[in-house]
Amino acid sequence: MKKIEAIVKPFKLDEVREALAVVGVTGLTVSEVKGFGRQKGHTELYRGAEYVVDFLPKIKIEVVVTDTMLEPAIEAIIKSARTGKIGDGKVFVFDVSQVVRIRTGEMDEAAI
């Protein structure tokens with residue numbers, strides 16, 4: 001089993017969620033996060049004063065999938081989140097050694 005963490009632009013969340021549903025991902029966790037990469041933030045004007053926005057709003061999507069679902073899920077995220085501009089985000093993949101569904105006690109792939 002693998003855990004996929006994807007950092008994407010906020011307005012791409014619905015597209016990514018729908019793309020994951022199409023490939024069979026049944027559940028996910030979403031967090032509002034802030035960060036920067038090569039973008040390094042930007043400057044904004046507020047009431048005549050210029051200030052630097054270091055951390056940009058992003059969305060972190062977390063899903064746990066079986067090994068066979070890994071590549072289709074990654075492809076779905078990449079295709080649906082890509083704008084072609086800087087700041088599109090990143091996808092991270094981690095090994096998951098055990099999953100337990102709290103309500104039923106089901107374990108591993110049965111718990112996904």
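Reader: Why is Glu 5 called buried or exposed in this model?

Author: Glu 5 has a relative accessible area of 14%. Buried means under 20% relative accessible area, exposed over 50%, and partly exposed in between, with a 1.4 Å probe and protein chains only; Glu 5 is therefore buried. The model is predicted, so local features need pLDDT of at least 70 and side-chain atom pairs count only at pLDDT 80 or more, whereas totals for chains, interfaces and linings use all residues. Residues are numbered from 1 along each chain as its sequence is written, and side-chain values use heavy atoms, with hydrogens and water left out.

Reader: What makes the pair Glu 5 and Lys 3 a salt bridge?

Author: The closest N and O atoms of the two are 3.2 Å apart. A salt bridge requires a side-chain nitrogen of Lys or Arg within 4 Å of a carboxyl oxygen of Asp or Glu, so the pair qualifies. Lys 3 has a relative accessible area of 23% and is therefore partly exposed.

Reader: How do you know that Lys 9 and Asp 88 form a salt bridge, and which parts does the pair tie together?

Author: Their closest N and O atoms are 3.8 Å apart, which satisfies the cut-off. Lys 9 lies in the loop between S1 and H1 and Asp 88 in the loop between H2 and strand S6 (89–95), so the pair ties together parts 79 residues apart in sequence. Helices (H or I, at least four residues) and strands (E, at least two) are DSSP runs, numbered from the N terminus.

Reader: Why do Lys 9 and Asp 88 count as buried?

Author: Lys 9 has 13% relative accessibility and Asp 88 has 17%, so both count as buried.
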